[in-house]
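Visitor: I am new to this structure and would like a close look at a single part, the surroundings of ligand 1. What lies around it, and which contacts are made there?

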Amino acid sequence: MSANYALQMMDIEKSFNGIPVLKKAHFSIGRGEVHALCGGNGAGKSTLMKILTGVYTKDAGIIQIDNQTIDINNDQNARKHGIAMIFQEFSLIPTLTVAQNIFLAREPRKANGLIDDKECVRATVEILKKLNVDIDPNATVDSLGVGYWQMIEIAKALSKDAKILIMDEPTASLSESETESLFKLVNQLKAEGISIVYISHRMAEIFEICDRLTVLKDGKTILTDACRNLTMEQVIESMMGEEAGKSFKWVERNYIRSEVPVLKVTHLAYEARVKDVSFQIYPGEIVGLAGLMGSGRTEIMKCIFGIERPTSGEIVMNGKAIKTTADAVSHGIALVPEDRRKQGLVLDHTVRENMMLPSLKFLTRRLFVKDKQGTVITQTYIEKLNIKTDNVSKIVKLLSGGNQQKIVLAKWLARNPKVLLLDEPTIGVDIAAKSEIVDIIRAMAGEGMAILVISSELEELLAVSDRILVLYNGVITKELDRREVGSEEVLHHAIQGF
Ligand SMILES: Nc1ncnc2c1ncn2[C@@H]1O[C@H](COP(=O)(O)OP(=O)(O)OP(=O)(O)O)[C@@H](O)[C@H]1O
Ligand SMILES: [Mg+2]
């Protein structure tokens, strides 16, 4: 073995309740290396890294930092060895300021023992400056966009003198420009000799930013090599096996637009973010909403579902005005939100309960699902979306990140609404599941469901949509028939406006 590794993990084993999750997995990273950790949902990526940060204890195996075998039992221990992780689920407290979050539980103190707020802000300014990010240290976190959250998490990790930084799906909620700043930052950290473990399901990003990659499958390391020695196809095949061929492609659907739209949005405006948007969706149609983050996509969906109150304009479904979420639900509209794990799951309940649980209380009485039927539906979706769970009674918070995402999505698909609003339906799910989800969306439209989809992944939007609305700064600037959009490039130009 080379002597230059900053970190080596060898023969790592871990079981939960007797079920092995890691089976002699190994992983190593050099100083100043960016190393991708890949694998399908539930492969064991987060678990392996949580062992490194002291969240879980390994059952067997060896961990070495700078060729010294070490034990990591808790968070302080990991920090002492220079290991920090940015979790899939953010760990910031929204009501505290940026500076307070960065120094949470490690606040600098004055001689009299009180928290030294000034020093806290000063140190924060220094770290942020080093990172080249322009954030007010006194702003509360909830006043900042998710893109900034990622930067604050990184600042927090670096303030702890991290030498090995683990990023678990850092770009899942970032826009293109935010992703670019993150990549700049990654390169800067790399130049300083910091090692970065990069967990992601986005192959293109991995090949752009990483030096080497390791693939985990069912808890085993099955591939480690320099990215330049590999093709994307090879990596996908090693992760997914026979499923690899199923990349999503657009196939023209046999779809005849009916005369009457099911949903009409007229002159919709919401604060400064949506300005005079009008469009209609017909039964059985899939409409894609394209546009940069902040272009107003999510706000439009929230207005339709009654979560946000439009400043002006009208939303009409089958001739009836939709004003509240209760209206939306009773008329058969469903929304699968972007931050699903926060809004769509009861983490302490089982898979089956979550699948069957209508997310709104007032639906409970109306939607009574029989026990047996419930289990059958749950099982069907577990198979369809390849949800990795020991059984339907597993507590949802014990599932991997991507599998949690699949459950919320499955829950709403099973609900069979008339209008389905999907905000980034495939965030966090692996490549095999992505193409399954695209297939399911198309099949449901085939049965008459009208679907509005937001996706930042153009390839996916092109694969699924019949029609694409391009939003720019709260205005629809283009409407494209899918048959007329040849390639991702065309759509890209449409979105960029040139
Ligand atoms: N605390 C726990 N108790 C029981 N099972 C667990 C626990 N933590 C993880 N698991 C199981 O271990 C397996 C691996 O999960 P892990 O979160 O490491 O996957 P992952 O590779 O990060 O997947 P994803 O891409 O979906 O985030 C999953 O089947 C998960 O259900
Ligand atoms: Mg994970």
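Guide: A polar contact is a pair of N or O atoms within 3.5 Å (within protein, one must be able to donate a hydrogen and the other to accept it, and residues adjacent in sequence count only if both atoms are side-chain atoms). The model is predicted, with local features needing pLDDT of at least 70 and side-chain atom pairs pLDDT 80 or more, while totals for chains, interfaces and linings use all residues. Residues are numbered from 1 along each chain as written, chains are lettered from A and ligands numbered from 1 in written order, and side-chain values use heavy atoms, without hydrogens and water.

Ligand 1 is surrounded by 20 residues (each with a heavy atom within 4 Å), and the closest of them are G42, K45, T47, S400 and G402. In the side chain of T47, an N or O atom lies 2.6 Å from an oxygen atom of ligand 1, and the side chain of S46 likewise places an N or O atom 2.9 Å from a ligand oxygen. A43 takes part through its backbone, where an N or O atom is 3.3 Å from an oxygen atom of the ligand. Of the 640 Å² that ligand 1 exposes when taken alone, the protein buries 92% (accessible area by the Shrake-Rupley method, 1.4 Å probe).

Two helices (DSSP runs of H or I, at least four residues, numbered from the N terminus), α1 (45-52) and α14 (401-415), each give at least two residues to this shell. Sorted by class, the shell holds 12 polar, 6 nonpolar and 2 charged residues, where Asp, Glu, Lys and Arg count as charged, Ala, Val, Leu, Ile, Met, Phe, Trp, Tyr, Cys and Pro as nonpolar, and the others, Gly among them, as polar.
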